[in-house]
Amino acid sequence: MMLKYSKSATNLTELEDLGCTIIHEVDAHNMSKHPLLKQKLFDRIIFNFPATALKWSESNDRQIKKHQRLMKGFLSSCHDMLEENGEIHVTHKVKEPYCKWEIEKLAEDVGLCLVEKVWFRRSEYPGYSNKRGSGARADETFPAGNSYTFKFARAT
């Protein structure tokens, strides 16, 4: 991470100074089984602009299925990690081809329901800078327009 992202050391130090616990290399599909997380419940679990490493183009059906497996595994793992009124927030682009991920359906498939869907406005997050996930341009931002934050809770 330190090699990929120029401000990662500064950001991690700032989070630690704020009292945050930082855990690396957690499998999104098995978070609830991680030794430091398995006994914890959260009021909010947030995943901004999730993605898997690109093997094909974003519009390729195989790449979309790869992203869907990531999201379904993440949402399923989060389900049992929520406090009673907890929420999972996923910020995601909604135009083609990203809408094909079907985030809302994936959440429903693992027992979650949509509470709210709001436009993502970077201006509401001072200091936030999204980054590409991998490759030579990993430290660059990407256009985050046409994105929503989907807020899910356990279905009753």
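Reader: Before we look at packing, what does contact mean here?

Author: Happy to start there. This is a predicted model, and two residues are in contact when their heavy atoms lie within a set distance. That cut-off is 4.5 Å.

Reader: Thanks! Which elements do the buried residues of α2 pack against?

Author: Let's begin with the helix itself. Helix α2 covers residues 61–79, and its buried residues include Ile64, Leu70, Met71, Phe74 and Leu75. Their packing partners are β1 (42–48), β2 (82–93), α3 (103–109), β3 (112–119) and β4 (147–154).

Reader: How far does helix α2 reach from its first C-alpha to its last?

Author: The helix has 19 residues. At 1.5 Å a residue, the expected reach is 27 Å. The model comes close to that, with a reach of 27 Å.

Reader: Which element gives the largest share of the largest nonpolar core?

Author: This core has 24 residues, and those with the most contacts inside it are Met71, Phe74, Leu75, Ile88, Val90 and Phe152. Two or more residues come from each of α2, β2, α3 and β4. The largest share is six residues, and the element giving them is α2.

Reader: Phe74 is on that list, so which residues does Phe74 touch?

Author: Phe74 is one of the buried residues of α2, and it is among the residues with the most contacts inside the largest core. Leaving aside residues up to four places away in sequence, Phe74 touches Ala28, His29, Met31, Ile45, Phe47, Ile88 and Val90.

Reader: Is Ser76, also in α2, buried or exposed, or in between?

Author: Ser76 has its place in helix α2, but it is not one of the residues listed as buried there. Its relative accessible area is 38%. Buried would need a value under 20% and exposed one over 50%, so Ser76 is partly exposed.

Reader: What is the order of the strands in the sheet?

Author: The sheet is open, has four strands and shows mixed pairing. β1 and β3 stand at its edges, each with a single partner strand, so one side of each has no neighbour in the sheet. From one strand to the next, the twist averages 20°. The order is β1-β2-β4-β3.

Reader: What angle does the direction of α2 make with that of β2?

Author: Helix α2 packs on the sheet and touches β1, β2, β3 and β4. The angle between its direction and that of β2 is about 165°.

Reader: How many bridges join β1 to β2, and which residue of β2 is the bridge partner of Phe47?

Author: β1 and β2 run parallel, joined by six bridges. β2 also pairs with β4, in the antiparallel sense, over six bridges. There, His89 stands opposite Lys151, and Phe150 in β4 is opposite Val90. Back on the β1 side, the partner of Phe47 is Val90.

Reader: Why is β2 largely enclosed by the rest of the structure?

Author: The strand has twelve residues, and most of the answer lies in how many are buried. A residue counts as buried when its relative accessible area is under 20%. β2 is largely enclosed because the number of its residues that are buried is nine.

Reader: Why does Cys78 form no disulfide?

Author: A disulfide needs two cysteine sulfur atoms within 2.5 Å, and a search of the whole structure finds zero disulfides. Cys78 is buried, with a relative accessible area of 0%. Its sulfur is too far for a bond because the closest cysteine sulfur, in Cys113, is at 14 Å.

Reader: Which peptide bond is cis, with omega near -5°?

Author: Most peptide bonds are trans. In this model, a cis bond leads into Pro97, whose place is in the loop between β2 and α3. The bond runs from Glu96 to Pro97.

Reader: What is the phi of Glu25, and is it positive or negative?

Author: Most residues other than glycine have a negative phi. Glu25 is in the loop between α1 and β1 and counts as exposed, at 83% relative accessibility. Glu102, in the loop between β2 and α3, has a positive phi of about 55°. For Glu25, which is not a glycine, phi is positive, at about 55°.

Conventions: Residues numbered from 1 in each chain as written. Predicted model: local features only at pLDDT ≥ 70, side-chain atom pairs only at ≥ 80, totals over all residues. Heavy atoms only, no water. Expected span 1.5 Å × (residues − 1). Buried < 20%, exposed > 50% of the residue type's maximum accessible area, 1.4 Å probe, protein only. Core = buried A, V, L, I, M, F, W, Y, C linked by side-chain atoms within 4.5 Å. Pairing = 2+ DSSP bridges. Axes fitted to C-alpha atoms, helices over the stretch in contact; angles between N-to-C directions.
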